Amino acid sequence: MEMQTIKELTRTFDTDVRGAEVRGSYGTEPAIWLSQILDAAKMRFFFLNFCYITELQKGQKEIVIPMRKKYLGSSGVTYATSTPADGSAVTATVIDNLEGVTISPAMQASRVTISNYAIQVNAVDLLRAAQEELVYSIGDKVDQYIATTIGDALGSTSSIAYATSLYGGSATADSGLAAGDVMTTDLVADARKALMSKYKEYRAANTGAAGGATGAVTGTVLGNPWISTPDAPFVLFVGPAQELAFLKDSQFVNAAEYGSNKVIMNGEIGEYIGIKIIVTNNVEQVAANAEGPDAATANVNVNMTRCIMMKSQKAAAFCWGKQPSLKFWDNVPQVSQDVVLESAYAASVVFADAIVFIDVADA
């Protein structure tokens with residue numbers, strides 16, 4: 001029994017078993033190198049590119065990311081305005097805003113097994129097809145998991161600043177979205193303001209539930225004011241329906257022209273008022289008559305998407321327990337070839353007040 005990371009397959013010339021021509025070539029081609037496989041997986045990462053990413057070392061089970069619940073700022077630090085009297089001291093500021101976020105990666109493994117005879121008589125490179133399927137799958141699985149993790153952030157309450165919720169049109173919950181309550185450039189500007197302001201809006205149903213608050217905006221709570229920076233920009237994730245809305249909006253199209261050599265991320269269609277706009281099918285999309293992603297348990301009336309604007313590197317963290325690896329196994333007892341993809345990972349929200357949900361109808 002031999003464990004390999006690369007397998008060279010021989011070409012089949014038997015005209016009786018080669019089948020129809022596939023892209024101008026009969027038979028199989030050499031398997032691509034592992035590094036190329038992992039690079040291909042990265043092409044499916046959209047959310048991951050904007051998370052704080054770390055990795056466990058051998059022998060570690062979990063990692064704790066230190067964080068501030070809220071930056072003290074100018075009002076949280078005590079300053080003396082005159083020289084203290086003899087025997088006294090400048091009033092000390094208590095640093096009581098530190099805590100940690102624990103991330104515990106969990107194993108994720110998948111396997112495809114193909115009989116030796118199927119490989120022998122099939123003109124398609126079945127092993128390569130299998131590895132491509134696994135690579136595509138892990139890329140989407142990781143990114144959709146991150147999108148859901150961020151989308152499950154707690155909504156702001158009257159006492160604690162968490163994620164802010166915005167809705168298309170006049171809706172105050174996903175169940176209230178109607179046709180025409182679509183993404184607009186005004187909503188982008190509102191979300192940007194929500195991230196930058198230290199006063200975070202909370203809504204009537206402000207129980208701090210996962211998925212964001214619902215109901216009318218009833219007040220504000222003090223949180224962290226975020227600024228978009230070159231190393232950690234604001235980023236907005238939208239679905240294909242929102243991309244279409246943007247591409248039909250002359251205000252967005254005119255503003256999103258780069259005219260520079262900026263690095264373009266996966267799915268990026270432009271930059272609007274300093275915010276990177278990323279299009280991906282990995283955002284949460286809900287069909288009509290299914291339950292929406294907000295904290296309410298009501299069904300939605302229209303097809304909708306949860307778009308997310310966040311401060312990159314601050315809103316969420318992702319930890320690899322084991323980066324994806326492919327192994328090929330000559331399974332002699334079962335006269336087959338196995339392709340195994342193994343990984344371990346976990347994600348967590350770090351600063352929930354660095355997240356804004358924008359729930360909109362698709363049309």
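Why does strand β13 count as largely enclosed by the rest of the structure? In this predicted model, β13 spans residues 304-311, and 8 of its 8 residues are buried, so the strand is largely enclosed. Both of its faces are covered. Met 304, Arg 306, Ile 308 and Met 310 are buried on one side. Thr 305, Cys 307, Met 309 and Lys 311 are buried on the other.

Now look at the strands that pair with β13. Strand β9 (residues 234-238) runs antiparallel to β13, with 4 bridges. Here Leu 236 has Met 309 as its bridge partner. Strand β12 (residues 284-286) is also antiparallel to β13 and is joined by 3 bridges. Glu 284 is bridged to Arg 306. Strand β16 (residues 355-361) pairs with β13 over 7 bridges, again antiparallel. In that pairing, Met 310 meets Ile 355.

Arg 306 has another contact. Its charged end sits over the ring of Phe 357, 3.9 Å from the ring centre.

Next come the aromatic rings. The structure holds 9 aromatic pairs. One of them joins Phe 252 and Tyr 272; it is tilted, at 5.9 Å centre to centre and 50° between the planes. This pair links distant parts of the chain, 20 residues apart: Phe 252 lies in helix α7 (residues 250-255) and Tyr 272 in strand β10 (residues 268-272). Both Phe 252 and Tyr 272 are buried.

Phe 318 and Trp 320 form an edge-to-face pair, 4.9 Å centre to centre with 80° between the planes. Phe 318 counts as buried because its relative accessibility is 0%. Trp 320 is buried too, at 6%. Ring pairs link these two with Tyr 145 and Tyr 345 into a cluster.

Terms used: Residues are numbered from 1 along each chain as its sequence is written. This is a predicted model: local features need pLDDT of at least 70, side-chain atom pairs count only at pLDDT 80 or more; totals for chains, interfaces and linings use all residues. Side-chain values use heavy atoms; hydrogens and water are left out. Rings of Phe, Tyr and Trp (its six-membered ring) pair if their centres lie within 6.5 Å; planes under 30 degrees apart count as stacked, over 60 as edge-to-face and the rest as tilted. Helices (H or I, at least four residues) and strands (E, at least two) are DSSP runs, numbered from the N terminus. Buried means under 20% relative accessible area, exposed over 50%, partly exposed in between (1.4 Å probe, protein chains only). A charge sits over a ring if NZ of Lys or CZ of Arg is within 6 Å of the ring centre and within 35 degrees of the ring normal. Two strands pair if DSSP finds at least two bridges between them.
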